[in-house]
Amino acid sequence: MRSLARDLVCLLAAVSVSLPGVAQARPDDTEVTALLRATLTVDKPRVGANEPATVRFTLQNLSQQPLSILEWETPLEGVKNDIFAIEHDGHAVAYRGPLFTRGLPAPESYVRLAPRESVTAVVDLARFYAIDEPGTYRVRLRGRVSDLGTEDAAVLAASAQTARRLRPRPLGSNEVSFEQTGRRTAPPEPPPPSRRTAIAAAPVFQGSCNAADKAAVETALDKSRIEASLAAIGLAFLPTAQRPLSQRTTKWFGSYDLARYELVVRNYVAIYNGLASRQITFICEDAGAHCGADIAFVSHLDPFRIHLCPAFFRLRDDGPDSKPGAILHEMSHFQVIAGTEDHCRYMLACADLAVASPGLAVDSAQNYAYFAENDPYIPLRTDE
Ligand SMILES: [Zn+2]
């Protein structure tokens with residue numbers, strides 16, 4: 001997670017330090033490595049047979065000047081070419097995704113990063129690569145940066161249009177691995193849209209948060225963003241014919257109804273946008289007056305301020321009733337996001353609510369958390 005203090009230091013340094021050669025000439029291969037850091041991380045080191053095989057790509061501007069970077073052949077545009085090298089038990093894994101042939105870039109094909117700023121994207125590799133058999137998969141990026149400079153994207157795009165050529169340079173990353181625990185049987189889905197998201201401003205902390213608390217919140221916030229984006233995209237792209245039959249949707253939001261389904265999609269999109277693009281203030285509360293046995297609290301009408309009680313920090317990092325789920329739950333309460341209520345608290349009660357009162361389940365903060373946490377795993381698609 002970005003550190004605001006460090007960014008300020010770098011911004012100050014940028015006033016007096018310039019980066020020779022970048023503004024006028026395009027950097028060469030070694031300069032790309034010096035200017036940009038591409039990092040892969042895996043969220044789940046063990047992946048069930050038909051679960052997404054998710055990797056997260058982060059691109060950071062290491063320099064002290066703003067940079068415009070062409071997104072092509074990086075995960076920032078999704079996967080439009082074979083940009084990952086994946087090995088399974090020592091053998092290369094086949095790519096079965098699309099192969100795009102490019103024209104010339106437009107200004108919106110670039111991402112602009114301030115000094116030290118990062119941008120991140122999440123990719124489900126199983127949609128693009130033959131990640132079918134159980135075993136260990138090793139993954140690294142073999143993308144390319146085809147245009148890069150300190151100028152605005154519009155200037156770079158115009159100059160690429162004039163020159164009518166680009167000079168791609170390799171963009172590699174660290175290697176990550178994950179284990180798939182069963183044989184994948186679901187057919188590959190169509191590629192999802194680009195999932196590029198600017199990393200939100202770092203959260204602000206108030207109250208009695210110590211360094212460990214802050215680190216725990218930042219990790220959980222990151223994971224809640226991924227869970228919300230997977231929920232929003234999974235639901236939005238579920239084929240219409242499968243929606244009434246989706247076990248996971250039925251489990252947490254009850255029997256199918258078009259208006260309710262669309263409300264849930266809208267709410268996840270809003271939750272994701274809140275988590276990913278708003279600055280959130282976390283207030284660490286002491287045990288006592290406000291908290292009692294509570295985990296966290298917010299006010300519907302005071303958006304993006306989340307009070308955390310000591311019990312929040314005792315939640316697990318992962319799985320059901322986790323810290324990421326609690327953050328997603330609280331985000332859903334804000335009136336400007338989804339305006340949800342607390343109609344149930346624990347798993348059995350929330351599952352019962354979906355059966356008895358689907359209209360309340362789609363208004364229940366904790367049902368959004370359980371659907372997104374998805375643990376124990378329930379398939380979304382009928383062919384999973
Ligand atoms: Zn609540």
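# Exercises on helix packing and sheets

In this predicted model, helices α4 and α7 make a right-handed crossing; that is, the near helix is turned clockwise from the far one by less than a right angle, whereas anticlockwise would be left-handed. Residue numbers start from 1 in each chain and follow the sequence as written. As the model is a prediction, local features require pLDDT of at least 70 and side-chain atom pairs count only at pLDDT 80 or more, while totals for chains, interfaces and linings use all residues.

**Exercise 1. Find where confidence in the chain is lowest and where it is highest.**

Step 1. Start with the chain average, which is a pLDDT of 85 (the predictor's confidence in each residue, from 0 to 100). At least 70 is reached by 87% of the residues.

Step 2. Compare the elements; helices (H or I, at least four residues) and strands (E, at least two) are DSSP runs numbered from the N terminus. Helix α1, residues 4–16, has the lowest confidence with a mean of 30, and helix α9, residues 358–361, has the highest at 98.

Step 3. Look for low stretches. Residues 1–25 stay under 50, and the model has 31 contacts for them beyond four places in sequence (a contact means C-beta atoms, placed from the backbone, within 7 Å). Residues 188–197 also stay under 50, with 26 contacts beyond four places in sequence.

**Exercise 2. Describe how α4 and α7 pack, and which residues meet.**

Step 1. Take the geometry. Helix α4 covers residues 211–236 and helix α7 covers residues 323–333; their axes lie 8 Å apart at an angle of about 70°. Axes are lines fitted to C-alpha atoms, for helices over the stretch in contact, and angles between N-to-C directions run from 0 to 180 degrees.

Step 2. Classify the angle: α4 and α7 are therefore roughly perpendicular (65 to 115 degrees; under 35 is roughly parallel, over 145 roughly antiparallel, the rest oblique).

Step 3. List the partners. From α4 come A216, A220, L221, K223, S224, E227 and A228, and from α7 come K323, P324, I327 and L328. By class these residues are 7 nonpolar, 1 polar and 3 charged. Nonpolar means Ala, Val, Leu, Ile, Met, Phe, Trp, Tyr, Cys and Pro; charged means Asp, Glu, Lys and Arg; the others, Gly among them, are polar.

**Exercise 3. Work out how α7 is oriented to α6 and to α10.**

Step 1. For α6 (residues 258–277), the axis comes within 9 Å of that of α7, and the two cross at roughly 110°. α6 and α7 are therefore roughly perpendicular.

Step 2. In this contact N267, I271, G274 and L275 of α6 meet L328, M331 and S332 of α7. The classes are 4 nonpolar, 3 polar and no charged residues.

Step 3. For α10, the axes come within 8 Å and cross at roughly 140°. The pair α7 and α10 is therefore oblique, and the crossing is right-handed.

Step 4. G325, L328, H329, S332 and H333 of α7 meet A365, Q366, Y368, A369, A372 and E373 of α10. This contact has 5 nonpolar, 5 polar and 1 charged residues.

**Exercise 4. Give the strand order of the sheet of 4 strands and name its edges.**

Step 1. The sheet is open, with the order β14-β15-β17-β16 and mixed pairing (strands pair if DSSP finds at least two bridges between them).

Step 2. β14 (204–207) and β16 (296–297) each have a single partner strand, so one side of each has no neighbour in the sheet.

Step 3. Check the directions. β15 (residues 281–284) and β17 (residues 305–308) run parallel, joined by 4 bridges. T281 stands opposite R305, and I283 opposite H307. β16 and β17 are antiparallel over 2 bridges, with F297 opposite H307.

**Exercise 5. Describe the sheet of 3 strands and the helix that lies across its strands.**

Step 1. This open sheet has the order β7-β4-β10 and antiparallel pairing. Its edge strands, β7 (110–113) and β10 (148–149), pair on one side only.

Step 2. β4 (residues 67–70) is joined to β10 by 2 bridges, and I69 stands opposite L148.

Step 3. Helix α3 (residues 153–163) lies across β4, β7 and β10, at about 140° to β7.

**Exercise 6. Locate the cis peptide bond and the non-glycine residue with positive phi.**

Step 1. The bond from D375 to P376 is cis, with omega near 5°. P376 is in the segment after α10 (365–373).

Step 2. R116 is not a glycine, yet has a positive phi of about 70°. R116 sits in the loop between β7 and β8 (118–124).

Note on methods:
Contact = placed C-beta atoms within 7 Å.
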